[in-house]
Amino acid sequence: MAVLPPTSVVFRVLRHEPELVAPAKPTPNECKQLSDIDDQEGHRFRIRGLHFYRCSPSMQGKDPARVIREALAATLVFYYPLAGRLREGPNRKLMVDCTGEGVLFVEADADVTLEEFGDAIYPPFSCFEELLYEVPGSNDLLNCPLLQIQVTRLKCGGFIFAHRFNHTMSDAVGFIQFMSAMGEMARGALAPLSPPVWERHLLNARDTPLITCLHPEYDNATITNCAVICIPTDNLVHRSFFFGPTQVSALRRFVPDNLRCSTFDILTASLWRCRTEALELGSNEDVRLIIIVNARAKFNPPLPSGYYGNALGYPAAQTTAGKLCQNPLEYAIELVKEAKAKVTEEYMKSAADLMVIRGRPNVNTNRSFIVSDLTRARFREVDFGWGKAEYGGPANGLEIISFCIPSKNKEGLEGIVVPVCLPAPVMERFMKRLDRMPKDNAAAGAI
């Protein structure tokens with residue numbers, strides 16, 4: 001792997017007053033329930049992300065803020081629930097009141113060029129607060145805008161599209177579907193190529209809820225051999241790691257030929273193991289890996305292609321720190337594969353039933369590492385007329401969550417960027433362990 005240096009560009013941003021952008025035409029005034037997968041506790045927060053775009057000669061004289069504002073209003077006619085507000089009913093059931101009030105929109109100008117961000121653009125972005133102004137009073141789960149967008153024009157003619165959206169309304173695939181529709185409308189379409197599908201009942205609990213699968217990810221009693229707090233939240237540092245073909249091959253070279261596994265399997269197993277070693281846990285302490293899995297294709301028939309709600313499973317792998325760190329890497333890879341294989345149609349129905357039976361709990365984050373594969377989410381494909389994004393994806397990693405994000409390094413080589421967030425001394429150990437991993441594996445002949 002290659003450790004990417006933190007982005008440290010400094011600039012000033014001049015913002016216009018925030019405004020509400022409503023649908024361009026009248027939309028139904030109704031109340032629509034979210035699914036029982038949507039409104040679990042672990043989705044009751046806002047996801048933040050960025051898209052960077054270069055200047056395009058073909059768009060000379062076009063204002064990206066105006067183009068995107070108009071496309072947003074047009075797209076909200078079709079995705080009108082996103083212009084509403086969340087309400088909470090009995091048993092913590094969430095629903096969206098389709099009021100048509102609109103989403104928050106801010107346009108801004110920055111005295112910086114895209115080139116000043118470096119040859120390769122990747123998280124973390126220390127400047128994110130400048131690129132997405134947090135409007136006071138807009139960050140509550142209920143009765144607040146479900147989406148905020150800031151378009152910041154750059155001196156070079158490029159721009160940055162920053163967003164913050166309520167995770168209960170959509171997962172990454174669903175939100176990119178919405179953004180892609182905005183891009184289509186910005187480029188002149190009269191309607192989205194893939195019509196949005198609400199149909200949240202498809203992921204509701206059954207009439208008689210029954211938990212039919214094991215769900216250790218939601219069980220606070222399954223991690224027992226450990227203290228309550230795993231990672232101190234002070235002195236956290238963010239770093240990103242680039243895995244190109246060379247780095248992936250170095251790890252794959254030591255995986256047994258008869259072990260079929262994906263790049264995601266190898267990277268996730270390696271990151272989990274190195275992170276656990278860096279935390280210096282006792283060998284008998286329990287640890288858990290939670291993988292975020294898109295379950296759309298797990299249904300028979302698959303969920304409709306336009307479905308933009310949450311369709312995520314959170315299968316968990318569990319072992320002890322000693323077994324994870326002392327066994328060959330293939331041990332961790334097998335755990336990753338076994339966890340992913342748990343997600344079936346029955347698993348998702350069981351998870352929805354669990355939400356209703358147990359009061360919509362959060363996943364158990366204690367001693368957990370959560371990984372999300374965004375390599376197929378098509379963030380960079382969103383095109384408002386200026387072409388594909390130079391970078392598209394999350395603004396950073398979180399204390400226990402890392403993302404696999406498709407990206408390019410400064411030489412233009414395609415690969416995967418993984419942002420990691422850890423306390424400073426733990427990060428130092430993590431970086432050293434990750435760098436040594438292929439060498440140690442070769443010396444031990446273990447993988």
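Which residues of H1 are buried? Let's start there, and keep in mind that we're looking at a predicted model.

So, helix H1 covers residues 64-76. The buried ones are Pro 64, Ala 65, Val 67, Ile 68, Arg 69, Ala 71, Leu 72, Ala 73, Thr 75 and Leu 76. That's ten of 13 residues, so we can call H1 mostly covered, taking buried to mean under 20% relative accessible area. And what do those buried residues pack against? Four strands and a helix come up: strand E3 (19-21), strand E8 (103-110), strand E9 (147-153), strand E10 (159-166), and then helix H3 (172-186).

Have a look at the start of H1, too. Asp 63 caps the N-terminal end, with a side-chain oxygen 3.1 Å from the backbone nitrogen of Ala 65. As for the length of H1, at 1.5 Å a residue its 13 residues should span 18 Å, and the end C-alpha atoms are 18 Å apart, so the two agree.

Okay, over to a sheet. This one is open, has three strands in the order E4-E7-E6, and the pairing is antiparallel. Which strands sit at the edges? Those are strand E4 (31-33) and strand E6 (85-88), each pairing on one side only. On average, neighbouring strands here are turned by 35 degrees against each other, if you ignore direction. Zoom in on E6 and strand E7, residues 94-97: they pair in the antiparallel sense over four bridges. Within that pair, Leu 86 stands opposite Val 96 in E7.

Next, a single residue: Ile 357, in helix H8, which runs over residues 345-358. Ile 357 has 47% relative accessibility, so it counts as partly exposed; exposed would take over 50%. What does Ile 357 touch, leaving aside its neighbours within four places in sequence? The answer is Pro 209, Leu 210 and Ile 211. Pro 209 is 148 residues away along the chain, yet its C-alpha atom and that of Ile 357 are separated by 7.1 Å.

Last thing, confidence. The mean pLDDT of the chain is 92, and 95% of the residues reach 70 or more. Two stretches to flag, though. Over residues 221-229 the pLDDT is below 50, and beyond near neighbours in sequence this stretch has 24 contacts in the model. Residues 442-447 are also below 50, with ten contacts counted that way. Where pLDDT is low, the predicted coordinates shouldn't be read in detail.

Terms used:
Residues are numbered from 1 along each chain as its sequence is written. This is a predicted model: local features need pLDDT of at least 70, side-chain atom pairs count only at pLDDT 80 or more; totals for chains, interfaces and linings use all residues. Side-chain values use heavy atoms; hydrogens and water are left out. pLDDT is the predictor's confidence in each residue, from 0 to 100. Contact means heavy atoms within 4.5 Å. Helices (H or I, at least four residues) and strands (E, at least two) are DSSP runs, numbered from the N terminus. Buried means under 20% relative accessible area, exposed over 50%, partly exposed in between (1.4 Å probe, protein chains only). Two strands pair if DSSP finds at least two bridges between them. Axes are lines fitted to C-alpha atoms, for helices over the stretch in contact, and angles run from 0 to 180 degrees between N-to-C directions. The expected span of a helix is 1.5 Å times one less than its number of residues. A polar contact is a pair of N or O atoms within 3.5 Å; within protein, one must be able to donate a hydrogen and the other to accept it, and residues adjacent in sequence count only if both atoms are side-chain atoms.
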